[in-house]
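Here's a quick briefing to read with the model open in your viewer. Have the sequence to hand as you go through the points.

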Amino acid sequence: MGRESQIRRSLQLKDPAFWAGLKVPELSSEGPELRKLCEQIPKQAQTLAAKLRIPAVWIAFVGGTGTGKSTLYNAFCGRQISRTGVERPKTRGAVIYAHEQTGIEHRLPGFLGPVRRMETEDGTGCSGEGQGLTLALHRDPALESIVLADTPDLDSLVEEHRESALDILRMADVVIFVASQEKYADDVLYSMLLSLRSWGTDLHFVLNKADPPRGMDLAGLLAEVTEALDPEQALLDRELCVALPFIPAGPGAQAGGAHQEFAAAVCRMYAAGLGTERRRTEQHRVWAHLKADLERVQEIAAAEKGEIVAWEERLQGIFEECVHRLLQREEARFQAGQRRTVQEEIRNVFGRYDFLAGPRRVIGTCLRLPLRLAGLSGDSSRGRQKDLDKAKNKGDARPVQEAVDAFNALVLKRCVPQNQSSPAARALRRPELALTPEDVESRFMAVQDRMASWLNARFERMAREAPRGKAWGIYSTSALWGALIVSFETVVGGGLSLVEVVIDSAIAPYVTKGAVELFAYQELRSITRELSDRLEQGITDIVQEQKDRYVQAMRDLGPDEPALEAVRELAGWTEKDATAALSTGPEHR
Ligand SMILES: Nc1nc2c(ncn2[C@@H]2O[C@H](COP(=O)(O)OP(=O)(O)OP(=O)(O)O)[C@@H](O)[C@H]2O)c(=O)[nH]1
Ligand SMILES: [Mg+2]
């Protein structure tokens, strides 16, 4: 893989807009999972990039409201950075304390933004803000390789707080879970402890403001609490559990010696080799999750594609069923009564032609008047247009409209997924997807117009090629035109494939009488057949257009091929590829 394409891919990997654009219709049961994955993936990628670029171990403080997280956090910072206080909740957004050398302000993951800088000098600290994070930079060499992150509480009703705390936790290599005696058994906190455990970050449990009853010491209280929380010893590493004593209220009682000692011990623990090892383990863990998610996206896309193929087959089945019924009905519309009418009209046309047979031979090619009197206008294009316009009025769009309606009803019944809130269900139910009666009418008129111009052009060519002066002259072309108009009317009036047989049987007596001997009998048959085919195709196309609208609506729901190609490539990356691509290239801030 070229360096440039690797960087391009890594930018896609981190780009929430790219992932938001990766959609599926949710026809499969796995489909709905994709949305969540597509929110996670860019966050994970940004997290990994930030972890690779910020040379420090992240320690995050989490827990219930009022448990003293910010108080403990300040003890770690060695100064008042996060504001503490009695009102609940106090901390409203993440507060980060980091060394200038880390270059953190340019390297934070985008999803944690916006970043606000805070002055550390005024000593009152800040409470953070709901959106984004507050960054305090320092030059304290003791904390050079540690980033400290205070978070809003996990258990208050402010949903935004939980989100903000969870987002910060993505960056955490070490978590300090602060609980208080009255709060440790809370459900929300307990389930948070469970997920932290499954993530595998180093998890320190602090029983804060510990105030053991008479006769029990801090260690005894801690043992009691951890035993109650985690009787199986599966959740908490007992080595990483500590009880910090409640400091009696009073001036200067911000954080006690026990807090400071604990802070110093933890910082020492991670400042050297253990911190580096921790960071590596976390990077590996984030990549493993990211890779698993990329593979899952591929699985979902494959399942969705399979469902789309099956869906299109179902749609095709309904389409064929409706078109078949429509064409059958069109043929059935051509009743015995109409059959007689057509035969009579044909006889009329040929009767006139027959009647003119005598004068025709005598007068030659110039006398057109008798023909006009006989009502045949095959020799003038204006007259022919009039004939065609009259014939077109016999076309009836209602059966086509009914077929389109029946098709739409069947699609709603058989092709809309059960899950009504899925993108597919919502798209297929959009009313503007259905052809309106006006749409059907205008398309049906267009079909007839095309048939008419085709017929006219075809006729003109035949007339031009007709050897003038011979019997195959103006009279016979006029008679042919008359017969064609009857065919046209019959076809658009619902004759379709039967018209050929009917016209044939109507002409048959004249063939034997010799009246049509020079008449383009074969041409008449083939033109009639073609007209019938063209109408059939035309009305099939109208239903097809309706079907195509559904197919297009489904395809618009994804998955998009170039995006899938990117996912395929990214899922094929090794950890080394990912590390190389994400640790360099443009920074996001
Ligand atoms: N007396 C006494 N007060 C404490 C102790 N620890 C914390 N406090 C006070 O308890 C209140 C809450 O402490 P914070 O550190 O703001 O608690 P928090 O967990 O950050 O709270 P939120 O930001 O609301 O989630 C503050 O008024 C602290 O001064 C302690 O050991 N003794
Ligand atoms: Mg706080």
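Gly 110 comes out as partly exposed, because its relative accessible area is 36% and the partly exposed class runs between under 20% (buried) and over 50% (exposed). You'll find Gly 110 in the loop between helix 5 (104–107) and strand 3 (115–118). Its C-alpha sits 8.8 Å from the C-alpha of Thr 47, a residue 63 positions away along the chain. Keep in mind that this is a predicted model, so treat the values below as computed from predicted coordinates.

**The chain as a whole**

- The fold is built with 22 helices and 8 strands.
- Half-and-half is the story on burial: 50% of the 589 residues of the chain count as buried.
- If you take the contacts with a separation of 6 or more, 81% of them are between residues 24 or more positions apart.
- The chain's accessible surface is about 26,700 Å², and carbon and sulfur atoms own 52% of that.

**Ligand 1 and its shell**

- How many residues surround ligand 1? There are 20, and the closest are Lys 69, Thr 71, Lys 90, Thr 91 and Ile 247.
- Sorted by class, that shell holds 10 polar, 5 nonpolar and 5 charged residues.
- Helix 4 (residues 69–77) is the top contributor to the shell around ligand 1, supplying 3 residues.
- For side-chain polar contacts, look at Lys 69, where an N or O atom lies 2.6 Å from an oxygen atom of ligand 1, and at Ser 70, which puts a polar side-chain atom 2.8 Å from a ligand 1 oxygen.
- The backbone joins in too: a polar backbone atom of Gly 66 is 3.0 Å from an oxygen atom of ligand 1.
- Ligand 1 would expose 640 Å² if taken alone, and the protein buries 89% of that area.

**The magnesium ion (ligand 2)**

- Which protein atoms act as donors to the magnesium ion? They are OG of Ser 70 and OG1 of Thr 91, lying 2.0 Å from the ion.
- This pair brings together distant parts of the chain: Ser 70 belongs to helix 4, while Thr 91 is in the loop between helix 4 and strand 2 (94–99), and the two are 21 residues apart.
- Ser 70 and Thr 91 are both buried.
- Ser 70 also has that 2.8 Å polar contact with ligand 1, and Thr 91 is listed among the closest residues to ligand 1, so it's handy to view both ligands together.

**Two buried positions to look at**

- Asn 208, in strand 7 (residues 202–210), counts as buried because its relative accessible area is 3%, and buried means under 20%.
- What does Asn 208 touch, not counting residues up to four places away in sequence? The list is Thr 67, Gly 68, Val 178, Ala 179, Ser 180, Gln 181, Leu 244 and His 259.
- Phe 488 sits in helix 18 (residues 474–495), and with a relative accessible area of 0% it is buried.
- Once you leave aside neighbours within four places in sequence, Phe 488 contacts Leu 388, Ala 391, Lys 392, Gln 448, Met 451, Ala 452, Leu 455 and Leu 531.
- One of those partners is Gln 448, 40 residues from Phe 488 along the chain, with a C-alpha to C-alpha separation of 9.3 Å.

**Backbone oddities**

- Most peptide bonds are trans, and most residues other than glycine have a negative phi, so the next few cases go against the usual pattern.
- Arg 88 and Pro 89 are joined by a cis peptide bond with omega of about -15°, and Pro 89 is in the loop between helix 4 and strand 2.
- A cis peptide bond also links Gly 558 to Pro 559, with omega of about -5°; Pro 559 is in the loop between helix 20 (521–556) and helix 21 (561–571).
- Glu 26 has a positive phi, near 65°. This residue lies in the loop between helix 2 (16–20) and helix 3 (33–53) and is buried, with a relative accessible area of 5%.
- Lys 209 has a positive phi as well, of about 50°. Its place is in strand 7, and at 34% relative accessible area Lys 209 is partly exposed.

Methods. Residues are numbered from 1 along each chain as its sequence is written. Chains are lettered from A and ligands numbered from 1 in the order in which they are written. This is a predicted model: local features need pLDDT of at least 70, side-chain atom pairs count only at pLDDT 80 or more; totals for chains, interfaces and linings use all residues. Side-chain values use heavy atoms; hydrogens and water are left out. A residue is near a molecule or strand if one of its heavy atoms lies within 4 Å of it. A polar contact is a pair of N or O atoms within 3.5 Å; within protein, one must be able to donate a hydrogen and the other to accept it, and residues adjacent in sequence count only if both atoms are side-chain atoms. Accessible areas come from the Shrake-Rupley method with a 1.4 Å probe; for residues, only the protein chains shown count as cover. Helices (H or I, at least four residues) and strands (E, at least two) are DSSP runs, numbered from the N terminus. Ala, Val, Leu, Ile, Met, Phe, Trp, Tyr, Cys and Pro count as nonpolar, Asp, Glu, Lys and Arg as charged, and the others, Gly among them, as polar. Donors are N, O and S atoms within 2.8 Å of the metal (3.2 Å for Na, K and Ca); water is not among the atoms, so sites may look incomplete. Buried means under 20% relative accessible area, exposed over 50%, partly exposed in between (1.4 Å probe, protein chains only). Contact means heavy atoms within 4.5 Å.
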